Amino acid sequence: MAVAEMSKLNLVAMSYDKDSVLNALQRTNAAEVKLHYEAENTVALTADCEEMREYLSNVENALNRLSSAIESYNKDNKIKSDVLKDGFDVSYSDFMSAKDMKWDMDALVEKVNLLYNGGKELSVELSKLKRTISSAEIYSTVKLPLKNSDTLHTKIRMGTLPANSKDSFISSFSDGLCAFSVLAENSDGVLISAAYHKSIGAEAESILQEAGFVPCPFDGESTGEEVFLGLKEREAEILNSLKQNSEETYALSNRIHDLKIYCDYLGFELEKQELAEKMRATQATVLIEAYVPKESEEQIKEVLEGTSNAVYYEFSSPADDEIPPTLLKNNKVVKNFEAVTNMYSPVSYREFDPNTVMALFYSLFLGFIMGDVGYGLLMSVLGGTVYFLSKRDTGLKRLAGVFAVGGIFAIIWGFLFNSLFGIQLPYKPPLPDAQGDMWQLMGIKIPAVLIISLLIGALQLCAGYVCKTVQCFRRKQIADGILDGMVWAFFTLGVGLAIVGLIDDFNVKILAYVGGIIAGVMLVTAMLTAGRKEKLLGKFTKGFGAAYGVINFASDVLSYARLYGLMLSGAVIAQIVSSYAIGFITGGNAALAILGVVLMVVGHAFNLAIGLLGAYIHDARLQYVEFYGRFYEGEGELFAPLGSKHKYIYLQN
C-alpha cells in the first residue's frame, strides 16, 4: 500500500527532435509532461491547436455518422456484429503508422459525409412526399384532369371537405345557381367538384370556406389517378435510393476500426500540440520537464538514447514544495477499491495511502449489511465471474471485484448470524438474532446487532486515528502523531471498552472502569495539548474545542447505526420472500410450486440488487465522512502518462 516514488525528468533536445522525443516518451507509458519552470534565456512555446481540433472534430463526426448508420442497419436487419465495439487491441506500430493514413481517411470521411448528406436529403424529400401522398390518396379515383375548367359564366372548384361538414355543406350549397358532386369519400374527408355562377361567387366561396373546403393542391392536365400513381412511383424510387445509400454506407463497416485508430492517433497529435504550452525553448532547442516513476528511469533512458544523440537529460528528486502526480502501487485486490477513494478525492503524492485499510473496512461493512450466506455466494460468484472474464481494467471490472470480496465477508457474517437466503440453518449462531435479540446497556434494552454495528464503527474510527499517527510519523511530526493521532485512538478504544463493560449481559463491569479511565485520561490529555501551537487565549479555546469535539465523536459513532438498519431491512425481506416461497413450493399445488420458485428467484434477486445499491452508497459514505474525516487530505492528481488516454482503442505498448 504505497504511492509510487516519482522522479523529475529534465530534458533538452534539438527543436527538430521534439516530436520524436515525445513519441518515445509516449511509448514508455511512464512520463507525464509538466509545466517547465521559466529557465533563463528561454521562451515559452506557443501552439495554435484550433486547426487540429477542428480536423479531429470533423473526423469524429464522420465516425459517429458511420457508426449510427451501421447500428441502425444491424438493428433493422437483425445482424449481430462486434464491429462497433470499442477497446480493441492495436499494436504500437499500427498506431503510429496511422499518420500515413491521412489521404485514405480524408477520402473515407468525404464519402461518409456524402452518403450521410444524400441520405438526409432523401429522407427529407420522402417525409414531404408521404404528406403529399396522403393528400393525393382521395384523388386517386378521379379519372379526369385535375385542372379546373371554368366557363364564361361558371366557376368550377375541386377539393376536399372534412367528413363531419358534408351535411351542413349540402344544406347551404343548394342555390339554383350552384351545384356539386361527390367524387370520392374516405375516413378523412369528402372529395367534391363544385360549380357556381360567377354572379354569386362571393357567397359560394364563403360557404366553401365555412365548410372547411381545401382546394385541390394539384393542377394540370394529369388525372387524379395519374398524379397519385406518379407520387407512389417517386416514393418507390426514393425508398430504393435510401436502400442503396444504406447498403453503400454499411459496406464501409470494415473501415470502422481504421477510422477509430486514426481518431485516437489524431487525439495524441493534438495532445502533443497542446503540451507545447508547458515547454520552454531557445533558438535551436526545446526544454521538456516530466514526472516519471522512479522504477521506470531505466526504461526512459533506453528509449531516449535510441531516439537521438542530441538529447540531454537528467533525473532528480522533486522539490519539497512540488506535488507530483499520484501513482498507486497496490495488489490486485486493493486495486479494485482505489476507485472508491478516487470518487471522493485521489490520494495526494506525499500522503499515506489508506486504500488497504479502507478496503478491509469497506468489505467488512458491505458483508455486514448483506449478512447472508446465499447473498454472499451470489456476490462472490457473479462478481468473480465478471472480474475474471473482463480483459480490460475497467470500472465495471473493479466494481465486480469489490462485490466479490464483499461477498466473502457476507458469507462469514451470514454464518455468524445463521442466515441462508433468510432461512435459519439447524445450528446455534455465535451472534445474536438481528430481529429479536436485545442487550441491556445500563438497564436499557437495545437491539444487540445495533450495538455490534456501533462497536465496529468505533473500531474504524480508532483505525482512522492510527492512520493519522502513521501519516504524521512519516512526515517526522512525532508530537502531532502522538497527540492528534494516538491519544484519540486510545480515547476511542476506551469508549469501546466502556460500552462493552456497560452491557449487562456480558457481566464484565471491570471493562467499563478500565475503558472510562482510558477515555478520561486521553480526553484530558487532548484538551491540555490541543492548543500547543496557539498563543495564550488560543490554548484555552482549543482545549474547550477538543472537549466539545466529543459530541461530534458521539455523532460519528451513531452514524454506524445505518449498518444495522440496512442489514435488518435486507434480512426481513429475505426472510419474508423465503417463507412465502417455501410455503408455495411445499403446498402440494403444482401451479403454486412454480409461483414459489419464481418468487424465490425474483424476490431474492430484487432484494440483492436493492441491498447492494444501498450498501455501496452508505458504505462509501461511512468511509468518506467518518473514516477519512480523521486523517485524509486527498486533493491529489492521478498520474496520466503522455498518450495514455484513448477513446476507442487499447494500445499495446
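Me: Where is valine 601 found?

Reply: Valine 601 is found in helix α20; a helix here is a DSSP run of H or I, at least four residues, numbered from the N terminus. This is a predicted model, where local features need pLDDT of at least 70 and side-chain atom pairs 80 or more, while totals for chains, interfaces and linings use all residues. Residues are numbered from 1 along each chain as its sequence is written, and side-chain values use heavy atoms, without hydrogens or water.

Me: Is valine 601 buried or exposed?

Reply: Exposed, at a relative accessible area of 53%; the cut-off is over 50%, with a 1.4 Å probe and protein chains only.

Me: Which residues form the nonpolar patch on the surface?

Reply: A patch joins nonpolar side chains within 5 Å, each residue having over 30% relative accessible area and no salt bridge (Lys or Arg nitrogen within 4 Å of an Asp or Glu carboxyl oxygen). Here they're Ile585, Ile594, Val597, Val598, Val601 and Val602, together about 520 Å² of accessible area (Shrake-Rupley, 1.4 Å probe). Helix α20 (residues 590–627) gives the largest share, five residues.

Me: What about cavities?

Reply: Rolling a water-sized probe over the atoms shows where empty space is left. A cavity is a set of 1 Å grid points where a 1.4 Å probe fits but cannot get out. There's one cavity of 30 Å³ or more, and the largest holds about 210 Å³. Its lining (residues with an atom within 4 Å of a point) has 19 residues, with Phe417, Ser419, Asp433, Gln435 and Ala571 closest to the centre. Helix α19 (residues 561–585) gives the largest share of that lining, five residues.

Definitions and conventions:
1 Å grid on protein atoms, 1.4 Å probe; cavity = no way out; pocket = protein on both sides within 12 Å on 5 of 7 lines; lining within 4 Å. Points joined across faces, edges and corners; volume = space filled by probe spheres on them. Helix = DSSP H or I, 4+ residues; strand = E, 2+ residues; numbered from the N terminus. Patch = residues over 30% accessible without salt bridge, like charges linked within 9 Å, V, L, I, M, F, W, Y side chains within 5 Å. Salt bridge = Lys/Arg side-chain N within 4 Å of Asp/Glu carboxyl O. Buried < 20%, exposed > 50% of the residue type's maximum accessible area, 1.4 Å probe, protein only.
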